[in-house]
Amino acid sequence: MYEIMNEFINFRSFIISKEYEVEFYNKVLSFYCYLPIIFFVFLLFSKAFYGKFHIKELGFLNLPGKLGWSLMELVSPATFLYSFLAPSPFIDHNDDETSETSINLSSYTTSQKILVSLFLIHYINRSIIYTYRAPNIAPINLMVFSSAILFNLINGYSIGRWISVFGNYPEEKYKELSFILGVIIFFIGMWINIDHDNILFELRRKNQSKISLEKKFDIKNDDEKNQSDDNSNNSMNDIRKKYFIPNEKLFYYVSCPSYLGETIEWIGFAIACWYSLPALLFALATPANLFPRARQTLKWYRENFKEYPKERKAIIPFIW
């Protein structure tokens, strides 16, 4: 297995020459700097075509939800790990015959290993565990799928190379207060994210069981009994069958606590990595992507559920 991994990692030399990588890396980071602004402005005025906002009429451009989600999320940890383990362009490997043909994990510091573990833990959960546990995931538009893969390539490569090559993470850095604080914040955010995902999963399962029973015994609720043939009424009834209003824990205060948790995660990661430009850009790109979507979600709930709590915010309790 190690030999296969070594061959795969060393294939990097055919993609990016060692002499050119520093220039290439700087170009990637320069482009990355614009992405948080692009995300925020674009999503502030348009919808991301996935989840409850996917367009059924463009079904031929949609991928099955679970497949699309898993594939686009797996790109990030794969690119990250590949970039982290690839040989450094600053080392003359001709001086050491074994350094170019083997992966020596002992050459990495404890601080580097912890940061790598944080990144991989998040994405293993998002790409594999989340996908497996979710009762269903809405179809994902090819435009969303393609843009996510592009971002994950840029993000995985830039952070992976920073931690292994371009950044400075000595052995004792993990004992620094900022590093410890960042790791704690990361896990708080991850707990918020996963805990509120679990709430949604449970509610979806209960809702699906209820719908199955209604279909089996031909039970109609009051809305169905009183509805006319009007398409808008039928559409509204479909929405109320599929979606619901969660009220547990942080859902009492915001529409998208999972988004809040993920934002907190990457802020913590950026603090632990300090100073890391790509980690900072990721901490900015996350809310730039998720905050406008949380705002759209809040608006959608208010339009489709008249009883939706008026005091509930989008993503930051009591503020926004």
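The expected span of a helix is taken as 1.5 Å times one less than its number of residues. By this rule the 17 residues of α11 should cover 24 Å, and because the end C-alpha atoms of α11 lie 24 Å apart in the predicted model, the two values agree. The helix is mostly covered, with 14 of its 17 residues buried. A corresponding result was obtained for helix α12, residues 277–304, whose 28 residues should span 40 Å and whose end C-alpha atoms are 41 Å apart, which agrees. Helix α12 is likewise mostly covered, 20 of its 28 residues being buried. At the start of α12, a side-chain oxygen of S276 comes to within 3.3 Å of the backbone nitrogen of A279.

In the protein chain as a whole, the secondary structure amounts to 12 helices and 2 strands, and these elements follow one another along the sequence in the order α-α-α-α-β-α-α-β-α-α-α-α-α-α. The chain has 320 residues, of which 46% count as buried. When contacts between residues at least 6 apart in sequence are considered, 86% of them join residues at least 24 apart.

Confidence in the prediction varies along the chain. The average pLDDT is 85, and 75% of the residues score at least 70. Confidence is highest in α11, at a mean of 98, and lowest in helix α9, residues 222–226, at a mean of 51. Over residues 97–101 the pLDDT stays under 50, and for this stretch the model has 7 contacts beyond four places in sequence. Where pLDDT is low, the predicted coordinates should not be read in detail.

The structure holds 7 salt bridges. One of them joins the side chains of R161 and E21, with an N to O distance of 2.7 Å. Since R161 belongs to helix α7 (residues 142–166) and E21 to helix α3 (residues 21–32), this pair ties together parts that are 140 residues apart in sequence. R161 counts as buried because its relative accessibility is 0%, and E21, with a relative accessible area of 0%, is buried as well. A salt bridge is also formed between D197 and R126, whose closest N and O atoms are 3.1 Å apart. Here D197 lies in helix α8 (residues 177–217) and R126 in helix α6 (residues 110–133), so that the pair connects parts 71 residues apart in sequence. Both D197 and R126 are buried.

The salt bridge between the side chains of R205 and E202, at 3.9 Å from N to O, is set within a single element, as both residues lie in helix α8, 3 residues apart, or about one turn of the helix. An α-helix has 3.6 residues a turn, so residues three or four places apart point the same way. R205 counts as partly exposed because its relative accessibility is 33%, and E202 is partly exposed at a relative accessible area of 38%.

Aromatic side chains were examined next. The count comes to 30 aromatic pairs. In one of these, the rings of F186 and W266 have their centres 5.8 Å apart and their planes at 70°, and because planes over 60 degrees apart are classed as edge-to-face, the pair is assigned to that class. The pair links distant parts of the chain, given that F186 lies in helix α8 and W266 in helix α11, 80 residues apart. Both F186 and W266 are buried. Ring pairs also link F186 and W266 into a cluster with Y32, F39, F80, F119, Y123, F151, F187, F269 and F282.

A further aromatic residue, F244, is placed in the loop between α10 (231–242) and α11 (257–273). F244 is buried, with a relative accessible area of 16%, because buried residues are those under 20%. Leaving aside residues up to four places away in sequence, F244 touches L200, L203, R204, N207, Y301 and F305. The C-alpha atoms of F244 and L200 are separated by 9.5 Å, although the two residues are 44 apart along the chain.

Key:
Residues numbered from 1 in each chain as written. Heavy atoms only, no water. Helix = DSSP H or I, 4+ residues; strand = E, 2+ residues; numbered from the N terminus. Buried < 20%, exposed > 50% of the residue type's maximum accessible area, 1.4 Å probe, protein only. Polar contact = N/O pair within 3.5 Å; in protein donor to acceptor, adjacent residues only side chain to side chain. Salt bridge = Lys/Arg side-chain N within 4 Å of Asp/Glu carboxyl O. Contact = heavy atoms within 4.5 Å. pLDDT = per-residue confidence, 0-100. Phe/Tyr/Trp six-rings, centres within 6.5 Å; stacked < 30°, edge-to-face > 60°.
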